[in-house]
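Open the model in your viewer, switch to cartoon view, and keep the selection box handy. We'll go stop by stop: pick something, look at it, move on.

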Amino acid sequence: VFFEDPSPSTYVCQLRKSIYALKQSPHIWYHKLHSFLIKAGYHRLNNEPNIYVRKAKSNFVIIGVYVDDLPLISNSKSYLTIAKKELACVFPITDLGPMKHFLGIKVAQNTTNHTISLSQSNYISSILQRFDMLHSKPISTPLTSPCKLSNEDSPKLERENSKTKDVPYKQILGCIRYLVCCTCPDICFAIGFLSCFMAHLGPKH
């Protein structure tokens, strides 16, 4: 933000409101939202500061906060509607209905079986396409058995290192780690094991 100020150079300007995209804006927005939720009877979880919960007898509402996206979860439609109206009285909101996608995760709700399924198939496809692996053959287990890798498999000579220096090993593992955190905990050990060799990558790795 810049403008010519005709006043003496000893004067400063004070913003009466936060302007979007300033570095202080996220902090001010979160403080305002947090203050409102606390006054409305929500309490913030100690181990997850972006989750707010409010209970009333047998009903509850859980609000997740990701910047200005607020997924709401409740066991009562009427209690959920009340929570939405309270938010709408203070903030301009857009109700997108039942959640279908959030942070790249596909959400499928089955009201008959009372189940919620999470999937990142689109994200997986984008990883395969990015690293030119769309036509790779699938396997049933993350690591073949027995899988014996060690630092002894790392290159000892410079000419051996040249064979793997252009392999995007770190980038691939970094992308897959998001899957591990969200929907694929079954590959956690495999990714952790392979991450041990990022500094000294060899052809076997």
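Start by selecting residues 25-39, which is helix H1: it lies across strands E1, E2 and E3, and runs at about 15° to E2. Bear in mind as you look around that this is a predicted model.

**Stop 1: zoom out**

Colour the chain by secondary structure and you should find six helices and seven strands. Walking from the N terminus, the elements come in the order α-β-β-β-β-α-β-β-β-α-α-α-α. Now switch on the surface. The accessible area comes to about 16,100 Å², and 58% of that belongs to carbon and sulfur atoms. Of the 205 residues, 21% count as buried. As for long-range contacts, among those between residues at least 6 apart in sequence, 44% join residues at least 24 apart.

**Stop 2: the sheet under H1**

Select 43-44, 51-56, 59-64 and 72-74. You now have the strands of an open, antiparallel sheet of four, in the order E1-E2-E3-E4. Which strands stand at the edges? They are E1 (43-44) and E4 (72-74); each has a single partner strand, so one side of each is left without a neighbour in the sheet.

Next, hide everything but E2 and E3. Six bridges hold this antiparallel pair together. Show side chains for Val-53 and Ile-62 of E3, which stand opposite one another. Then follow the chain round the hairpin: there are two residues between the strands, and Lys-57 takes a positive phi near 60°.

Bring E4 back. E3 (residues 59-64) pairs with E4 over three bridges, again in the antiparallel sense. Two residue pairs are worth labelling here. Ile-63 has Leu-72 in E4 as its bridge partner, and Val-61 stands opposite Ser-74 of E4.

**Stop 3: Leu-37**

Go back to helix H1 and pick Leu-37, which is found there. Is Leu-37 buried or exposed? Leu-37 has a relative accessible area of 0%, so Leu-37 is buried. To see what surrounds it, show Tyr-42, Tyr-52, Ile-63 and Leu-87: Leu-37 touches these, leaving aside residues up to four places away in sequence. You have already met Ile-63, the bridge partner of Leu-72 in E4. If you like using the distance tool, try Leu-37 to Arg-54: they are 17 residues apart in sequence, and their C-alpha atoms are 9.2 Å apart in space.

**Stop 4: the other sheet**

Now select 101-102, 105-110 and 115-119. Here three strands form an open antiparallel sheet in the order E5-E6-E7. At its edges stand E5 and E7; each has a single partner strand, so one side of each is left without a neighbour in the sheet.

Take the E5 and E6 side to begin with. Two bridges join E5 (residues 101-102) to E6 (residues 105-110), and the strands run antiparallel. His-101 has Lys-106 of E6 as its bridge partner. The two strands form a hairpin with two residues between them, and Leu-103 in the turn has a positive phi of about 55°.

Then slide over to E7 (residues 115-119), which five bridges join to E6, also in an antiparallel arrangement. Label Gln-109 and its bridge partner in E7, Ile-116. This hairpin has four residues between its strands, and His-114 in the turn has a positive phi of about 55°.

**Stop 5: two packed helices**

Select 121-130 and 169-182, helices H3 and H5. They pack at an angle of about 175°, with their axes 11 Å apart. That angle makes H3 roughly antiparallel to H5. For the contact itself, show Tyr-123, Ile-124, Ile-127 and Arg-130 on H3, then Gln-171, Cys-175, Ile-176, Tyr-178 and Leu-179 on H5. Sorted by class, the residues in this contact are seven nonpolar, one polar and one charged.

**Stop 6: Phe-189**

Finish on helix H6 (residues 188-195), where you'll find Phe-189. How does Phe-189 count, buried or exposed? Its relative accessibility is 63%, so Phe-189 counts as exposed. For one last distance, pick Leu-143 too: Phe-189 and Leu-143 are 46 residues apart in sequence and 9.2 Å apart in space, C-alpha to C-alpha.

Conventions:
Residues are numbered from 1 along each chain as its sequence is written. This is a predicted model: local features need pLDDT of at least 70, side-chain atom pairs count only at pLDDT 80 or more; totals for chains, interfaces and linings use all residues. Side-chain values use heavy atoms; hydrogens and water are left out. Two strands pair if DSSP finds at least two bridges between them. Contact means heavy atoms within 4.5 Å. Axes are lines fitted to C-alpha atoms, for helices over the stretch in contact, and angles run from 0 to 180 degrees between N-to-C directions. Buried means under 20% relative accessible area, exposed over 50%, partly exposed in between (1.4 Å probe, protein chains only). Accessible areas come from the Shrake-Rupley method with a 1.4 Å probe; for residues, only the protein chains shown count as cover. Angles under 35 degrees count as roughly parallel, over 145 as roughly antiparallel, 65 to 115 as roughly perpendicular and the rest as oblique. Ala, Val, Leu, Ile, Met, Phe, Trp, Tyr, Cys and Pro count as nonpolar, Asp, Glu, Lys and Arg as charged, and the others, Gly among them, as polar.
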